[in-house]
Structure formats: C-alpha cells, structure tokens
Amino acid sequence: MKKILGLDIGTNSIGWAFIETNAYDKNIDSLKGKIIQLGSRIIPMDADSMNKFETGITVSKAANRRQARGARRLNQRYKLRRTRLLNALKILGWIPNDFPTQFKK
C-alpha cells in the first residue's frame with residue numbers, strides 16, 4: 001500500500017490529508033484506500049491585513065509601536081502649540097494672566 005500526503009494551500013487556510021491507497025494497481029475498479037488522518041488550519045486575518053499581504057505589503061513587528069509613538073508625539077505637539085498660543089494671548093492681553101496654561105488629563 002502507498003501512503004500519500006495531500007496538501008491544499010489556500011489564502012486563509014491550509015488543508016491536509018494523509019491517505020493509504022493501492023495506487024500501484026492498474027485496474028481502476030480495484031482501487032482501494034483509506035484516510036489515515038486529515039485536518040485543516042485556518043489563518044485568522046482581518047480584511048485589511050489580507051489585502052496588504054496579497055499585494056506584497058509587509059507589516060513589521062514594530063509597526064504597532066511606531067504608530068503608538070507617532071500618536072503620542074502628535075498629542076505632545078498639540079499640547080505644546082496650545083500652551084504657546086495661550087502664552088502669546090496672555091502677552092497680548094487678550095486673556096487674563098491667571099488663565100491656566102497647563103490642563104490636567
């Protein structure tokens with residue numbers, strides 16, 4: 001008996017089957033076999049990740065950290081611009097000097 005491993009590789013899954021058959025026989029009517037094991041593995045990916053993967057755009061392991069760092073920097077720059085604007089408005093006398101420039105979260 002001949003043992004065969006069959007693979008089905010798809011975009012979101014991999015299927016496999018391990019079978020045993022008498023494929024050496026020339027008579028098609030006498031072909032016999034059995035499934036020894038089979039299974040599949042699903043690759044969990046959202047649509048955006050799949051589109052990036054299929055087009056060849058790879059996402060590095062540091063991408064999430066870089067995005068978070070960019071968000072923190074944008075927030076820091078916004079707070080700095082706000083503080084500088086309030087200080088300039090105080091110098092011009094358009095807002096009172098006791099107006100707070102630092103705000104709590």
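## Leu5 and the nonpolar patch

Leu5 sits in strand β1. In this predicted model, Leu5 has a relative accessibility of 56%, and since the cut-off for exposed is over 50%, it counts as exposed.

Leu5 also belongs to a nonpolar patch on the surface, together with Leu7, Ile9, Ile14, Ile43, Met45 and Phe53. Taken together, these residues offer about 710 Å² of accessible area. Which element gives the patch its largest share? That would be β1, with three residues.

Met45, another member of the patch, is found in the loop between β3 and α1. Its relative accessibility is 37%, and because buried means under 20% and exposed means over 50%, Met45 lands in the partly exposed class. If you follow the chain from Met45 to Phe99, you cover 54 residues, and the C-alpha atoms of the two are separated by 50 Å.

## How the sheet is put together

Three strands make up an open sheet, in the order β1-β2-β3, with antiparallel pairing. The edge positions go to β1 (2–9) and β3 (33–42). Each of these has a single partner strand, so one side of each is left without a neighbour in the sheet. On average, neighbouring strands here are turned by 10° against each other, ignoring direction.

As general background, strands of a sheet pair through backbone hydrogen bonds, and the pairing can be parallel or antiparallel.

## The β1–β2 side

β1 and β2 form a hairpin, and three residues lie between them. How many bridges join β1 to β2? There are eight, and the two strands run antiparallel. For a handle on the register, look at Gly6, which stands opposite Ala17 in β2.

Just ahead of this strand, Met1 lies in the segment before β1. Met1 is exposed, at a relative accessible area of 61%. Met1 and Gly33 are 32 residues apart in sequence, yet their C-alpha atoms are 8.3 Å apart in space.

## The β2–β3 side

On the other side of β2 (residues 13–21), nine bridges join it to β3, again with an antiparallel run. Three facing pairs let you trace the register: Ser13 stands opposite Ile42, Ile19 faces Ile35, and Thr21 is across from Gly33.

Is β3 largely buried or in the open? Of its 10 residues, the number buried is zero, so β3 lies largely in the open. Buried here means under 20% relative accessible area.

## How far to trust it

The protein chain has a mean pLDDT of 85, and 92% of its residues reach 70 or more. Where is confidence lowest, and where is it highest? The low end is helix α1 (residues 47–55), with a mean of 75, while helix α2 (residues 63–92) takes the top spot at 93.

Terms used:
Residues are numbered from 1 along each chain as its sequence is written. This is a predicted model: local features need pLDDT of at least 70, side-chain atom pairs count only at pLDDT 80 or more; totals for chains, interfaces and linings use all residues. Side-chain values use heavy atoms; hydrogens and water are left out. Two strands pair if DSSP finds at least two bridges between them. Helices (H or I, at least four residues) and strands (E, at least two) are DSSP runs, numbered from the N terminus. Axes are lines fitted to C-alpha atoms, for helices over the stretch in contact, and angles run from 0 to 180 degrees between N-to-C directions. pLDDT is the predictor's confidence in each residue, from 0 to 100. Patches are made of residues with over 30% relative accessible area and no salt bridge: like charges are joined within 9 Å, nonpolar side chains (Val, Leu, Ile, Met, Phe, Trp, Tyr) within 5 Å. Accessible areas come from the Shrake-Rupley method with a 1.4 Å probe; for residues, only the protein chains shown count as cover. A salt bridge is a side-chain nitrogen of Lys or Arg within 4 Å of a carboxyl oxygen of Asp or Glu. Buried means under 20% relative accessible area, exposed over 50%, partly exposed in between (1.4 Å probe, protein chains only).
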